[in-house]
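This report looks at aromatic rings and their contacts. The sequence and structure come next.

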Amino acid sequence: FFDVSFCLFVVLLMKDFEYAVAYVIYNPERTQVLMVQRPETDPHIPSVWGLPAGNVHPTETFQEALLRSGHQKLGVTLEVRRFIGRGCLERPQCILHLELFEAAVVSGEPVVPQAVPGVTQYRQWKWGSLGDLQPAAEAGSLCSRIALRNL
């Protein structure tokens, strides 16, 4: 006989891992955060307002993925400020491992969507409060959950 935790561990090992990075960008007064609206076609949380995020490619670090994502999804150059937190979420096809950082725009103004093929593009962006992330957290947004827990 195997205990339940061992069986769960075996099931988790059978799934692939996906790695992602998300980031919090504060306005100059540090009273609001940049929020983006995901596309209607998003398979996990369609049309939800949350934090910008991107997949981590096999050859890059979380920080490198954050910098690339800033260019590809917002059209800006970012600087990584600090690590905020991490978490995992089981999805039907995979286990998502996500790390959340604070970042700052060092050049450019956010513009969405960007003309980068093969990358999930956002519909809109706006400034909002951390509390505005609650609906996304309730809808299953891991980065919103981490932000609400750690900020």
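Phe62 is buried in this predicted model, because its relative accessibility of 16% falls under the 20% cut-off. Its partner Tyr19 is partly exposed, at 40% relative accessibility.

By the ring-centre rule, there are four aromatic pairs. Tyr19 and Phe62 make an edge-to-face pair, because their planes stand at 75°, over the 60 degrees required, with the ring centres 6.4 Å apart. This pair links distant parts of the chain. Tyr19 belongs to strand β1 (residues 16–25), and Phe62 to helix α2 (residues 62–74). The two are 43 residues apart. Phe17 joins Tyr19 and Phe62 in one aromatic cluster.

Trp125 and Trp127 also form an edge-to-face pair. Here the planes are 85° apart and the centres 5.5 Å apart. Trp125 is partly exposed, with a relative accessible area of 27%. Trp127 is partly exposed too, at 33%.

The two edge-to-face pairs described above are set out here.

| Pair | Centre to centre | Angle between planes |
|---|---|---|
| Tyr19 and Phe62 | 6.4 Å | 75° |
| Trp125 and Trp127 | 5.5 Å | 85° |

Charged side chains also meet rings. Which ring does the charged end of Arg30 sit over? That ring belongs to Tyr26, and the charged end of Arg30 is 4.1 Å from the ring centre. Lys126 lies over the face of Trp49, 4.4 Å from the centre of the ring.

Conventions. Residues numbered from 1 in each chain as written. Predicted model: local features only at pLDDT ≥ 70, side-chain atom pairs only at ≥ 80, totals over all residues. Heavy atoms only, no water. Phe/Tyr/Trp six-rings, centres within 6.5 Å; stacked < 30°, edge-to-face > 60°. Helix = DSSP H or I, 4+ residues; strand = E, 2+ residues; numbered from the N terminus. Buried < 20%, exposed > 50% of the residue type's maximum accessible area, 1.4 Å probe, protein only. Lys NZ or Arg CZ within 6 Å of the ring centre and 35° of its normal.
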